[in-house]
Amino acid sequence: MEHPENSEVYKGLKVNDGVEAMGTINPYLSTMRRKRAAQLSVNDYVDGILRGDVTVLSRAVTLLESLLPEHQAMAQEVVERCLPHSGKSLRVGITGVPGAGKSTSIDAFGMYLLSNSDAKLAVLAVDPSSERSKGSILGDKTRMERLSSHPRAFIRPSASAGSLGGVARKTREAIILCEAAGYDNIFVETVGVGQSETAVYSMVDFFLLIQIAGAGDELQGIKRGIMEMADGIVVNKADGDNVEEARRAAVHYKNALQLFPLPASGLRPEVQTYSGFYDLNIDRVWAMIDDYIVKVKANGFFDERRLSQQRYWMYEAIDEQLKANFYNTDGVHEYLSRYEQLLLQGKITSFAAANKVLEFYDKERGVNVG
Ligand SMILES: Nc1nc2c(ncn2[C@@H]2O[C@H](COP(=O)(O)OP(=O)(O)O)[C@@H](O)[C@H]2O)c(=O)[nH]1
Ligand SMILES: [Mg+2]
């Protein structure tokens, strides 16, 4: 399917499908590999995670991402059992258009955090476009060079296949596993195009929007509702000749923010300039996040937000499950293509066609549809 992010709106941001990994040539290789990594039981996973064992944590996230039903069932059990040990971290979402410097900044913010405390940091990503290409992993890891080799950092770019809803759910579950493994700070990066922002917004305590000077409001989210979601806005690349322009952009965003109603947190988002690449003013960005968290913990919004996120994810899970049930029902695809044909021939309206297919689905499930 054509990627939604390839629509006209994001012109210049081509998302490629990527290529599937080649099958292995040596048939014995896969069995050898299987032998090397012994099967873990649910207990092994849970114990390893609670011990903070990075290898086990990593394998548990892989299990989460697996499409095999038996893996999924196991993963759900692991997540359930980790749940009581989760929830104690600070979750920060980081968004911005491709090239805004999200990965570079995460490296800078993360190193600042780890150098000034004995905290542990997990970096996750919601990137449904990495479905098959897995292309962003290499790029991101090289942009997070310092963090990649830090003993208290765990970096796990999204490599899961599926719908945005599915990918987001897995990231949310990965957060739970990381927290159970003792990671008290979680950064979640979005791809910064399309719908992933809403998903990430719905799983974090602070949503940071990274802007760059001169990239245009349309693209950067002023008109797409991203700014309304932001708890703080930062203008990156305020270095060299770009400092003044970044400052002007910051003023522009400050003014724009005045036009929005006060967010539910009761706090007007702040705007800062910084340079992720040259490590300038990172402390100010972090102070802004810190300050916000202190205030929302005091006014009760922190807990309120987490509760409303849980409600959101309950309904998301229901939507996902209903959709999966529908599309996995025998005969639905035949019905769909038949009515799609009739629709395209102008013989039936969209709504009538949808009703016909849904009626068939209800009948298949033995539901009485009066
Ligand atoms: N001058 C300058 N360049 C930066 C800065 N941060 C990132 N970049 C560059 O911008 C490009 C995109 O950065 P990246 O972190 O991959 O952006 P992402 O797509 O948002 O994750 C890279 O070439 C970076 O080196 C910065 O603070 N200053
Ligand atoms: Mg990136």
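Reader: What makes the shell around ligand 1 divide into nonpolar, polar and charged residues, and how many fall in each class?

Author: In this predicted model, the shell divides into four nonpolar, seven polar and five charged residues, where Ala, Val, Leu, Ile, Met, Phe, Trp, Tyr, Cys and Pro count as nonpolar, Asp, Glu, Lys and Arg as charged, and the others, Gly among them, as polar. Local features need pLDDT of at least 70, side-chain atom pairs count only at pLDDT 80 or more, and totals for linings use all residues; residues are numbered from 1 along each chain.

Reader: Which residues are the closest of those that surround ligand 1?

Author: The closest of the 16 surrounding residues are Gly 99, Lys 102, Thr 104, Arg 143 and Asp 239, a residue being near a molecule if one of its heavy atoms lies within 4 Å of it.

Reader: How do you know that Lys 237 makes a polar contact with ligand 1?

Author: A polar contact is a pair of N or O atoms within 3.5 Å (within protein, one must be able to donate a hydrogen and the other to accept it, and residues adjacent in sequence count only if both atoms are side-chain atoms). An N or O atom in the side chain of Lys 237 is 2.9 Å from an oxygen atom of ligand 1, so the pair qualifies.

Reader: Why is Asp 279 called partly exposed?

Author: Its relative accessibility is 37%, and buried means under 20%, exposed over 50% and partly exposed in between (1.4 Å probe, protein chains only), so Asp 279 counts as partly exposed.

Reader: What is the relative accessibility of Asn 281?

Author: Asn 281 has 26% and therefore also counts as partly exposed.

Methods
Chains are lettered from A and ligands numbered from 1 in the order in which they are written. Side-chain values use heavy atoms; hydrogens and water are left out.
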